[in-house]
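Hi,

Here is the model I promised to pass along. Have a look at it first, and my notes on what turned up follow underneath.

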Amino acid sequence: MPHAVILDAQSLGPGIDLSAIRESVTHLEVFEQSTTQQTLERLTKADIAIVNKVVLDAETLRQLPNLKLICVLATGLNNIDLETAKAQNIEVKNVAAYGTASVSQHTLMLILALANRLPRYQRDIAAGEWQRSDFFCLQDYPTLQLSDKHLVMVGQGELGTEVARLAEAFGMRVTFAARPGNEANDQRPALDDLLTDADVISLHCPLSDATKHLINRERLARAKPSLLLVNCARGGVIDEVAALEALRRGQLGGLGVDVLPAEPPKEGHPLLEALSEPLNLIVTPHNAWITPEARQNIVSLTANNIRAWKSA
């Protein structure tokens, strides 16, 4: 039975039971956070490193001859030097589809809130506009009825498929766009061919050379000015500056993002600064995935990865 170390358990959030992992190893050390230097010290005797966002670079991995398995508490592997891990015969396993229900629910929340202009009406109520109104309701910002509206999805994995299913329950027409960069070999219509008819675009694709700034100034100029744009994928898939400019000019109906290019955004970001403006804008702190069920599922899937590795 192996010796395992969790380097950044705090990333799982409060109230998570690690029993499934404990039962899969001889000894489990749990650290809430770890610096690069602490990582090297803490993994010296470890067979298994369990990490979420801690960087395991080439220099670190080369100094860990006992390490045999890296379990990533997420889907993305960009914090692991995969080439060095392979050269060191260190197997790397991630978890996928752990938060499908959580992220799809969050995505629909963003679409619904933007469609109903919730940011604008909440601001007006806080400013006393409803209280001063001569009429029983406020109608300054026309809302969007989702029934019969066209939702264009970029990304048809498990998450994108579930978002589409939920959207169809609201009566939306859903079209999946071709994989960016592979349009010539994809039977689905290209995003460019869907832009002018899209009422909502929801992004659920990885960040790559083909998807960086996929939604840019040129594409926004071709879209309906009422378009609602939602990004629960990765920061950088949208050119946020161009989207913000379009939103301010009335050439974009609403923008909701759960991700930014740098997280946490310690140096700030134009979208964060714009939250003080009267815009149909929502920014959430990369927490679409954080329901307790999804976070506990990460632990279960990681334990499964350890057991599969042991039995291989």
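For the charged pairs, a salt bridge here is a side-chain nitrogen of Lys or Arg within 4 Å of a carboxyl oxygen of Asp or Glu. Bear in mind that this is a predicted model. On that definition, Asp192, Arg219 and Arg222 are tied together in a network of salt bridges. The structure has 11 salt bridges, and a few others deserve a mention.

Two of them sit inside single helices. In H7 (residues 129–132), Glu129 pairs with Arg132, with the closest N and O atoms 3.1 Å apart. The two residues are three apart in that helix, so about one helical turn separates them. Why does that spacing suit a pair? An α-helix has 3.6 residues a turn, so residues three or four places apart point the same way. As for surface exposure, Glu129 is partly exposed at 36% relative accessibility, while Arg132 counts as exposed at 54%.

Helix H8 (residues 158–169) has a pair with this spacing too: Glu162 and Arg165 are three residues apart, about one helical turn. Their side chains meet in a salt bridge at 2.8 Å, N to O.

Then there is one that reaches across the chain. Arg217 bridges to Glu245, with 2.8 Å between the closest N and O atoms. This one links distant parts of the chain, 28 residues apart: Arg217 belongs to helix H10 (residues 217–222) and Glu245 to helix H11 (residues 240–249). Both ends count as partly exposed, Arg217 at 39% relative accessibility and Glu245 at 27%.

On to pockets. The second largest one holds about 220 Å³ of space. It is lined by 14 residues, and those closest to its centre are Arg117, Arg120, Leu252, Gly253 and Asn280. By type, the lining splits into seven nonpolar, four polar and three charged residues.

Last, helix H13 (residues 292–311). With 20 residues at 1.5 Å each, H13 should span 28 Å, and its end C-alpha atoms are 29 Å apart, which agrees. Which residues of H13 are buried? They are Ala294, Arg295, Ile298, Val299, Thr302, Ala303, Asn305, Ile306 and Trp309. The cover over them includes helices H1 (19–22) and H5 (100–115), along with strands S3 (48–51), S4 (69–72) and S5 (91–93).

Over to you!

Notes. Residues numbered from 1 in each chain as written. Predicted model: local features only at pLDDT ≥ 70, side-chain atom pairs only at ≥ 80, totals over all residues. Heavy atoms only, no water. Helix = DSSP H or I, 4+ residues; strand = E, 2+ residues; numbered from the N terminus. Buried < 20%, exposed > 50% of the residue type's maximum accessible area, 1.4 Å probe, protein only. 1 Å grid on protein atoms, 1.4 Å probe; cavity = no way out; pocket = protein on both sides within 12 Å on 5 of 7 lines; lining within 4 Å. Points joined across faces, edges and corners; volume = space filled by probe spheres on them. Nonpolar A, V, L, I, M, F, W, Y, C, P; charged D, E, K, R; others polar. Expected span 1.5 Å × (residues − 1). Contact = heavy atoms within 4.5 Å.
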